[in-house]
Amino acid sequence: MDPSLFYLDDTQDNGDDRSVKRTRERAPLAVRMRPRTLDEVVGQKHLLKPGSPLRLLAGEQGGPAGPSSLILWGPPGTGKTTLANVIAGSAGRKFVELSAITAGVKDVRSVMEQALEDRDFRGLTTVLFLDEIHRFSKAQQDALLPGVENRWVVLVAATTENPSFSVIAPLLSRSILLTLQGLTDHDIAQLLSRALTDPRGFAGAVSLQEEAADHLVKLAAGDARRALTALEAAAAVAFGQAHAEGQNYSVNQPLPITLEHAQEALNQSLVRYDKNGDQHYDVTSAFIKSIRGSDVDAALHYLARMIDAGEDPRFIARRLIVHASEDIGMADPTALTSAVNAAQAVQLVGLPEARINLAQATIHLATAPKSNAVYRAIDDALADVRSGKAGLVPLHLRDGHYQGAAALGHGKGYIYPHDQKNAVARQQYSPDTLLGAVYYRPTVFGNEQAMGDRLKRLKALRTPLPRNSARD
């Protein structure tokens, strides 16, 4: 039998040396260690204050206020299902659980009908726990509305995705959104320590060396479930090795879980990243803002997170191309070349080698002088066009190559710049409605430092002659 199934068997007593017995297969450690009351919950203290919606739903007195429907939003392993199970054990509540993966509209309506009957005839409040509500379609979520609005049920919905994108607005407005936070290292360490001594866990049969504990805490990345699963796996490695070597262990001489055991059980950190959800947008945003803020190391960190999580490298390359013009522009014109080259390298080489090309472009953009003058210039120009300031193209700039164009005056008086001194012609280019309009305003950073003076000289050389001499 798998050594990971060891636990303290209280039916066996050898004095102070109660032995650890193999027993039948049991629930995973993470399930066995689920808190039974809100006071046992580790972390999320901001949601567990006296009078909070969770405590009211768990059975605490709230005066004339009734329990509210809740949407629990947070990363995996932060306690959403745990909180629902604690609520399920409260008195005066009927607990019904549905999974958005398997339940349909018919199942939802059936729960609503039964809940209405239980409320009116038996005085019971039905708590409906709906896991992964983001997987419910709009029609399925619509089916929840009557029951939630009239409190036939108190909905407790859990989701790892931003409810603003995944839950319909009417349901959001009828519920209280509670945001769960990732557990701290201290929280994770507390959970591991409890699992070592609690009768539901290892009941003192094992100990965790400090280096091993640090390793499990670090690689759990704030996920309680992952931490407890890793502890159970590390214990299995330790038990298996002890069994093979004929070692003895007991509650008075617990089996130590070493760093080597922990590394064998868990050797790669969990990176939370959903390519279609919140983490995709948050990490991408942090990546661009780190480049914009000239923090090259932070930018490389977020680049590594995206690559490690399997983000499409073409998406990363496209963001670099946009950023090269939006936040650098003419302050360093070679930034765009670098970004485009990285995108081409992604197409030609692919991962994992293209990670180096993406890193080179990221370093270039993060360390380049910054200017959003190009971005502001095109947006200001678009704003004028959209506000009706387009105006007519001056006659001397219009196409004069087709038959009849000359009779309309198209091209008449146009001055060819290459025939002029300095290759700049004295003539009007903007429509009459936009004479004097300025869109590109260079900064004093990088190559744009000299651009302001150059633009002034060009404007002076371009100042058109009196209108009649330019168009007659």
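Which loop, between which two helices, does Q44 lie in? The close-ups below begin with that residue, and every view comes from a predicted model.

**View 1. Q44, a residue with a positive phi.** Let's start with the opening puzzle: Q44 sits in the loop that runs between α1 (29-32) and α2 (53-57). Its phi is positive, about 60 degrees, although Q44 is not a glycine. Is Q44 buried or exposed? With a relative accessibility of 6%, Q44 counts as buried, because buried means under 20% relative accessible area.

**View 2. N422, a residue other than glycine with a positive phi.** Here phi is near 70 degrees, and the residue is again not a glycine. Look for N422 in the loop between α18 (373-386) and α19 (451-462). How much of N422 is accessible? Its relative accessible area is 52%, so N422 is exposed; the cut-off for that word is over 50%.

**View 3. The stacked rings of F95 and F129.** The structure holds 1 aromatic pair, and this view shows its two partners, F95 and F129. A pair of aromatic rings is described by the distance of the centres and the angle of the planes. For F95 and F129, the rings are 6.3 Å apart from centre to centre, with 20 degrees between their planes. This pair counts as stacked because planes under 30 degrees apart are given that name. Which strands do the two residues come from? F95 belongs to strand β4 (residues 93-99) and F129 to strand β5 (residues 125-131), so the pair ties together parts that are 34 residues apart in sequence. As for their surroundings, F95 is partly exposed, with a relative accessible area of 25%, whereas F129 is buried, at 1%.

**View 4. The cis peptide bond between L351 and P352.** Take a look at the bond that joins L351 and P352: this peptide bond is cis, and its omega is about 10 degrees. To find the spot, follow the chain to the loop between α16 (334-349) and α17 (354-367), where P352 has its place.

**View 5. A negative patch on the surface.** Which residues form this patch? They are D185, E210, E211, D214 and E260. Helix α10 (residues 210-220) supplies the largest share of the patch, with 3 residues. D185 comes from another stretch of the chain, helix α9 (residues 185-197).

Note on methods
Residues are numbered from 1 along each chain as its sequence is written. This is a predicted model: local features need pLDDT of at least 70, side-chain atom pairs count only at pLDDT 80 or more; totals for chains, interfaces and linings use all residues. Side-chain values use heavy atoms; hydrogens and water are left out. Patches are made of residues with over 30% relative accessible area and no salt bridge: like charges are joined within 9 Å, nonpolar side chains (Val, Leu, Ile, Met, Phe, Trp, Tyr) within 5 Å. Accessible areas come from the Shrake-Rupley method with a 1.4 Å probe; for residues, only the protein chains shown count as cover. A salt bridge is a side-chain nitrogen of Lys or Arg within 4 Å of a carboxyl oxygen of Asp or Glu. Lys and Arg count as positive and Asp and Glu as negative; His and the chain ends are not counted. The place of a charge is taken as NZ of Lys, CZ of Arg, CG of Asp or CD of Glu. Helices (H or I, at least four residues) and strands (E, at least two) are DSSP runs, numbered from the N terminus. Buried means under 20% relative accessible area, exposed over 50%, partly exposed in between (1.4 Å probe, protein chains only). Rings of Phe, Tyr and Trp (its six-membered ring) pair if their centres lie within 6.5 Å; planes under 30 degrees apart count as stacked, over 60 as edge-to-face and the rest as tilted.
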